[in-house]
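Biologist: Please take one small part of this model and go through it closely, then place it among its surroundings. I would like the pairings and contacts spelled out residue by residue.

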Amino acid sequence: MVSEILLEARNLMKYFPVTKGLIFSRQIGAIKAVDGISFTINRGETFGLVGESGCGKTTTSRLILLLEKITSGTILFEGRDISQMSQTEFNHYRASVQAVFQDPYSSLSPRMKVGNIIAEPIVINDNLRLKEIRERVAALLGVVGLRKDANELYPHEFSGGQRQRIAIARALAPNPSLIILDEPVSALDVSIRAQIINLLRDIQMKMHSTFLLIAHDLAVVKHMSNRIGVMYLGKLVEVAESEELYLHPVHPYTRALLSAALPSHPDIAREMIILPGEVPSALNPPAGCRFHPRCFNTTAICSQQAPPMKEISTGHLVACHMD
């Protein structure tokens, strides 16, 4: 069965200009936060993006959410280039792509009651009567495991885990096709992370939702994702099915990243890979393969030529000269 592509990114780039001077400022360079990445998200799946802080994961999500202007490249949603959409189609896209952000304490307005927070995207995107809106809000509170009377309370009256449930209900309100989960549990206590993860999985099964999961916790990504993309310094270096990536990582960076993760059982033997040096600056990234200054398997070509993304087996893509 061929999967239906919901969203596709083609050669997506985001450069942030770096200027010098206050009055007569001039551009002296650019931070290459996202530098020519391509990937697809299939309808009904969870696509995970992993990598160290600063690799471009969140910038990628902000480009999809239209919170940042694309420097170059294309985003296609349901087969349509979002830059070529009519106003009606563009409004549909804005409603169809929602987000749950990392910090539940800052993502909800402290001046609005929970019922109004959840109802806001419904009011903006749907022409419903007040009674229908209230019924929809009550239903969404039930979906995320909160009492119906929570709609009369303010965000500060809830715990962090409950606030994240409210954020999830708000994201579900306009019936989106894609929900971007940007570190959805990293700001929560360890004791309630599993509850939120299981809630998201239950929602996906019941509502056939599509998720783009951005996280640095490899255990969370493995538990939730169908496919995973690994990013390093603005580039995608490997994309594969979740199980395939964890069992047979190919790119040296992916192998190092997985070796740093805690094993599922303390008796499991694993290869420890310690990378030398620090992540280079995105303002002046290395020539050739961006990982080569830290790579344990580098050759001369790695410092001269950027490796293309190649398919080494069905659905397993790697950008490495030594694959």
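**The loop between β2 and β3, and its surroundings**

Modeller: A salt bridge joins the side chains of glutamate 45 and arginine 227, with 2.8 Å from N to O; the term stands for a side-chain nitrogen of Lys or Arg within 4 Å of a carboxyl oxygen of Asp or Glu. Glutamate 45 lies in the loop between β2 and β3, whereas arginine 227 belongs to strand β9 (residues 227-232), so 182 residues separate two parts of the chain that this pair links. Strands here are DSSP runs of E with at least two residues, helices are runs of H or I with at least four, and both are numbered from the N terminus. Glutamate 45 and arginine 227 are both buried, that is, under 20% relative accessible area, against over 50% for exposed and the range in between for partly exposed (1.4 Å probe, protein chains only).

The model is a predicted one, in which local features need pLDDT of at least 70 and side-chain atom pairs count only at pLDDT 80 or more, while totals for chains, interfaces and linings use all residues. Residues are numbered from 1 along each chain as its sequence is written, and side-chain values use heavy atoms, without hydrogens and water.

The loop between β2 and β3 also holds arginine 43. Its side chain meets that of glutamate 4 in a salt bridge of 3.2 Å, N to O. This pair, too, links distant parts of the chain, with arginine 43 in the loop and glutamate 4 in the segment before β1, 39 residues apart. Arginine 43 is partly exposed, at 36% relative accessibility, and glutamate 4 is partly exposed at 47%. Arginine 43 forms a salt bridge with glutamate 78 as well, and there the closest N and O atoms are 3.3 Å apart. Glutamate 78 sits in the loop between β4 and β5, 35 residues from arginine 43 along the chain. With 38% relative accessibility, glutamate 78 also counts as partly exposed. Glu4, Arg43 and Glu78 are thus linked in a network of salt bridges. The whole structure contains 11 salt bridges.

After the loop comes β3 (46-50). All 5 of its 5 residues are buried. Cover is found on both faces of β3: Thr46, Gly48 and Val50 point to one side, Phe47 and Leu49 to the other, and all are buried. In a regular strand, side chains alternate between the two faces of the sheet. β3 runs parallel to strand β8 (residues 210-214), to which 4 bridges join it; two strands count as paired if DSSP finds at least two bridges between them. Within that pairing, leucine 49 stands opposite isoleucine 214 of β8. β3 also pairs with β9 in the parallel sense, again over 4 bridges, and here valine 50 stands opposite valine 230. β9 is therefore tied to this region in two ways: by its bridges to β3 and by the salt bridge that arginine 227 makes with glutamate 45.

On the other side of the loop in sequence lies β2, part of an open sheet of 4 strands in the order β2-β1-β4-β5, with antiparallel pairing. β2 (26-42) and β5 (80-81) are the edge strands; each has a single partner, so one side of each is left without a neighbour in the sheet. The partner of β2 is strand β1 (residues 5-20), which runs antiparallel to β2 and is joined to it by 13 bridges. One of the bridge partners can be named: proline 17 is matched with alanine 30 in β2. Helix α1 (residues 57-64) packs on the sheet and touches β1, β2 and β4 (72-77), a contact meaning heavy atoms within 4.5 Å. Helix α2 (residues 87-96) packs on the sheet too, touching β1, β4 and β5.

For another antiparallel pair, take strand β11 (residues 310-313) and strand β12 (residues 316-318), which are joined by 3 bridges. Serine 313 has histidine 316 of β12 as its bridge partner. The hairpin of β11 and β12 has 2 residues between the strands, and glycine 315 takes a positive phi near 75 degrees.

How values were computed: Axes fitted to C-alpha atoms, helices over the stretch in contact; angles between N-to-C directions.
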